[in-house]
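Please open the model in your viewer and keep the selection panel at hand. The tour below suggests what to select at each stop and says what can be found there.

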Amino acid sequence: MRKRGLAPMLGIAGLLGALASPAHAVLPAVKVADCRTGKAPEQRLATFEGRMHGGKNVARMAMHFQLMQHTSGAQDAQPVASPDLAPWRKSRAGVSDFTYAQTIKGLSQGVTYSAVVQFRFFDAKGKIVRREERESGTCVQDGALPNLVVQSVRFAPGSTEKTALYTVTVANTGQGDAKSLAVTLIADGAHIDTRTVDSLKAGEFTQVKFTGPHCQRLRAIVDRAMVVPETVEEDNELRARC
């Protein structure tokens with residue numbers, strides 16, 4: 001199979017800094033933070049965000065990004081070579097949480113991309129004490145993509161005492177249509193329900209209703225499992241006080 005190369009332009013986003021709460025990053029993880037399509041090569045990009053938590057006996061952390069391409073007809077994903085992806089991204093000494101975002105520009109049309117990230121944990125003497133590897137979700141470059149956003153949550157008294165009716169508004173602000181959208185409501189840490197929206201066209205919105213107990217805090221999330229390719233994955237959740 002002939003491998004498709006990248007256009008010459010590659011961009012790298014810098015260190016984002018420590019996470020707000022170590023509890024959110026106990027295990028290494030990588031996700032698609034941004035995925036943009038376009039007619040021109042410079043418009044097509046993907047940002048992959050790696051996160052890791054040091055823990056006991058870890059003095060420094062590092063991660064290495066490898067871009068992978070998935071093309072139609074190919075059985076396995078193929079690595080994309082680039083000198084800009086060669087360096088290991090290293091944390092400052094002594095930090096407990098490390099987040100790095102790697103942006104790659106000049107992606108090819110008709111290709112689906114992901115990132116494989118190697119995570120390394122070092123002790124105070126510079127010895128590797130732990131190794132991990134994770135693969136991200138995909139960034140699809142085959143045309144216009146949707147962008148799912150939880151815009152608002154409204155509250156009203158429920159049909160019985162101590163219950164409430166929650167109305168979650170979900171919009172598709174992208175250029176492509178979306179199908180089989182899972183909308184999840186979590187109240188005070190408890191899963192209330194997950195409802196499925198069959199389809200949502202570009203530029204449209206819909207309202208999903210839930211009945212549950214009164215709460216203090218809630219989270220409304222669309223496509224929690226990130227199975228729908230989108231231009232941006234960071235706006236799929238809304239947190240609010242009840």
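The stops that follow go from sheets to hairpins, then to ring contacts and nonpolar cores.

Before selecting anything, keep in mind that this is a predicted model.

**First stop: the sheet with β1, β2 and β6**

Select strands β1, β2 and β6, which form an open, antiparallel sheet of three strands in the order β1-β2-β6. Colour β1 (29-36) and β6 separately, since these are the edge strands, each of which pairs on one side only. Looking along the sheet, you will find neighbouring strands turned against each other by 15° on average, with direction ignored.

Now restrict the view to β2 (residues 45-53) and β6, whose antiparallel pairing runs over nine bridges. One position to label here is M52, which has F98 in β6 as its bridge partner.

Stay in strand β2 and select R51, which lies in that strand. Is R51 buried, partly exposed or exposed? Its relative accessible area is 26%, and because the partly exposed class covers what lies between under 20% and over 50%, R51 counts as partly exposed. Show the side chain of E49 as well, as a polar contact of 2.6 Å joins it to the side chain of R51. Then add P28, whose C-alpha atom is separated from that of R51 by 5.6 Å although the two residues are 23 residues apart along the chain.

**Second stop: the sheet with β10, β11 and β14**

Hide the earlier selection and show β10, β11 and β14, three strands that form an open sheet in the order β10-β11-β14, again with antiparallel pairing. The edges are β10 and β14 (205-213), each pairing on one side only. In this sheet, neighbouring strands are turned against each other by 20° on average, direction ignored.

Within this selection, β10 and β11 run antiparallel and are joined by nine bridges, and A156 can be labelled opposite L165 in β11. Follow the chain through the hairpin of β10 and β11, where five residues lie between the strands and K162 takes a positive phi near 65°.

**Third stop: the β7 and β8 hairpin**

Select strand β7 (residues 112-122) and strand β8 (residues 128-135), which run antiparallel and are joined by seven bridges. Close to the turn selection, label F122, which stands opposite I128 in β8. The two strands form a hairpin with five residues between them, and G126 in the turn has a positive phi of about 85°.

Next, show the side chains of R130 and F121: the charged end of R130 sits over the ring of F121, 4.5 Å from the ring centre.

**Fourth stop: the aromatic pairs**

How many aromatic pairs does the structure hold? There are two. For one of them, select F65 and Y100, a tilted pair with 6.1 Å from centre to centre and 50° between the planes. This pair links distant parts of the chain, as F65 belongs to strand β3 (residues 60-70) and Y100 to strand β6 (residues 97-105), 35 residues apart. F65 is buried, with a relative accessible area of 2%, and Y100 is buried as well, with a value of 9%.

For the other pair, select F155 and Y166, whose ring centres are 5.8 Å apart and whose planes meet at 85°, so the pair is edge-to-face. Here too distant parts of the chain are linked, with F155 in strand β10 (residues 148-157) and Y166 in strand β11 (residues 163-172), 11 residues apart. F155 counts as partly exposed at 39% relative accessibility, whereas Y166 counts as buried at 1%.

**Last stop: the nonpolar cores**

Select F48, M52, M63, L67 and L107, which touch the most other members among the 26 residues of the largest nonpolar core. Strands β1, β2, β3, β6, β7 and β9 (139-140) each supply at least two residues of this core; β7 gives the most to it, with five residues. M52, already labelled as the bridge partner of F98, thus reappears here as a core member.

To finish, select V150, V153, V168 and C215, which are included in a second, separate core of 21 residues. As general background for both selections, nonpolar side chains tend to be buried together in soluble globular proteins.

Notes
Residues are numbered from 1 along each chain as its sequence is written. This is a predicted model: local features need pLDDT of at least 70, side-chain atom pairs count only at pLDDT 80 or more; totals for chains, interfaces and linings use all residues. Side-chain values use heavy atoms; hydrogens and water are left out. Rings of Phe, Tyr and Trp (its six-membered ring) pair if their centres lie within 6.5 Å; planes under 30 degrees apart count as stacked, over 60 as edge-to-face and the rest as tilted. Helices (H or I, at least four residues) and strands (E, at least two) are DSSP runs, numbered from the N terminus. Buried means under 20% relative accessible area, exposed over 50%, partly exposed in between (1.4 Å probe, protein chains only). A charge sits over a ring if NZ of Lys or CZ of Arg is within 6 Å of the ring centre and within 35 degrees of the ring normal. Two strands pair if DSSP finds at least two bridges between them. Axes are lines fitted to C-alpha atoms, for helices over the stretch in contact, and angles run from 0 to 180 degrees between N-to-C directions. A polar contact is a pair of N or O atoms within 3.5 Å; within protein, one must be able to donate a hydrogen and the other to accept it, and residues adjacent in sequence count only if both atoms are side-chain atoms. A nonpolar core is a set of buried Ala, Val, Leu, Ile, Met, Phe, Trp, Tyr and Cys residues joined through side-chain atoms within 4.5 Å.
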